[in-house]
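Please open the structure in your viewer and keep the sequence panel at hand, since the tour below moves from one selection to the next.

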Amino acid sequence: SQPAAPASGGSPVQTLNELAQAGYVAGLAWETGAEGASHQPLFTCTVTATVTGIAGLVRARGTGGSKVAAKASAAAVLLAALADDDPVAKGAPSARE
């Protein structure tokens with residue numbers, strides 16, 4: 001299943017930053033790394049944050065052919081997890097019907 005498109009129409013990273021500005025997400029932290037052969041690395045990115053309505057840290061990992069793609073992947077995974085739990089949508093407009 002594909003993650004729902006962000007309501008803002010922007011990139012997953014942009015959407016997470018907007019949620020942070022709105023106060024739903026705090027303490028966004030990104031860790032990037034690379035695995036595999038040097039001529040064809042697979043980049044990894046882990047995003048960690050605290051989210052209103054969820055106890056403890058929320059963490060998601062993504063991969064991609066570039067650091068930017070890995071970061072977008074991690075953000076999309078985190079947004080999909082938030083959409084499933086829907087803590088953000090309580091009192092906020094939701095793109096889901």
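Begin by selecting N17, which in this predicted model is partly exposed, with a relative accessible area of 35%. The residue belongs to helix 1, which covers residues 12-22. If you also display A75, which lies 58 residues away from N17 along the chain, you will find the C-alpha atoms of the two separated by 9.8 Å.

Now colour the whole chain by secondary structure, and follow the pattern α-β-β-β-α along the sequence, made up of 2 helices and 3 strands. Of the 97 residues in the chain, 30% count as buried, while the chain exposes about 5900 Å², of which carbon and sulfur atoms supply 52%. Among the contacts with a separation of 6 or more, 38% are between residues 24 or more positions apart.

Next, select the strands together. The 3 strands form an open sheet in the order 1-2-3, with antiparallel pairing. Strand 1 (25-35) and strand 3 (57-64) stand at the edges, and because each has a single partner strand, one side of each is left without a neighbour in the sheet. On average, neighbouring strands of this sheet are turned by 15° against each other, direction ignored.

Keep strand 1 and strand 2 in view, and look at the 9 bridges that join this antiparallel pair. Within the pairing, W30 stands opposite V47 of strand 2. Adding helix 1 to the selection shows that this helix packs on the sheet, where it touches strand 1 and strand 2, and that its direction makes about 155° with that of strand 1. Between the two strands of this hairpin there are 6 residues, and G36 in the hairpin takes a positive phi near 90°.

Zoom in on strand 2 alone, which is mostly covered, with 8 of its 10 residues buried. A good residue to select here is T46, found in this strand, which spans residues 42-51. Is T46 buried or exposed? T46 is buried, because its relative accessible area of 19% falls under the 20% cut-off. Leaving aside neighbours within four places in sequence, T46 is in contact with A29, W30, E31, R59, A60 and R61. One of these residues, E31, has T46 as its bridge partner in strand 2.

Move on to the pairing of strand 2 with strand 3, where 8 bridges join the two antiparallel strands. Here you can select C45, which stands opposite G62 in strand 3. The hairpin of strand 2 and strand 3 has 5 residues between the strands, and G53 in this hairpin takes a positive phi near 90°.

Finally, recolour the chain by pLDDT. The mean for the chain is 82, and 77% of its residues reach 70 or more. Among the elements of the chain, strand 2 has the highest mean pLDDT (96), and helix 2, residues 67-85, has the lowest (92). Select residues 1-7, over which pLDDT stays under 50 and for which the model has 5 contacts beyond four places in sequence. The last selection is residues 87-97, where the pLDDT is below 50 and where the model has 16 contacts beyond near neighbours in sequence.

Notes
Residues are numbered from 1 along each chain as its sequence is written. This is a predicted model: local features need pLDDT of at least 70, side-chain atom pairs count only at pLDDT 80 or more; totals for chains, interfaces and linings use all residues. Side-chain values use heavy atoms; hydrogens and water are left out. Helices (H or I, at least four residues) and strands (E, at least two) are DSSP runs, numbered from the N terminus. Buried means under 20% relative accessible area, exposed over 50%, partly exposed in between (1.4 Å probe, protein chains only). Contact means heavy atoms within 4.5 Å. Accessible areas come from the Shrake-Rupley method with a 1.4 Å probe; for residues, only the protein chains shown count as cover. Two strands pair if DSSP finds at least two bridges between them. Axes are lines fitted to C-alpha atoms, for helices over the stretch in contact, and angles run from 0 to 180 degrees between N-to-C directions. pLDDT is the predictor's confidence in each residue, from 0 to 100.
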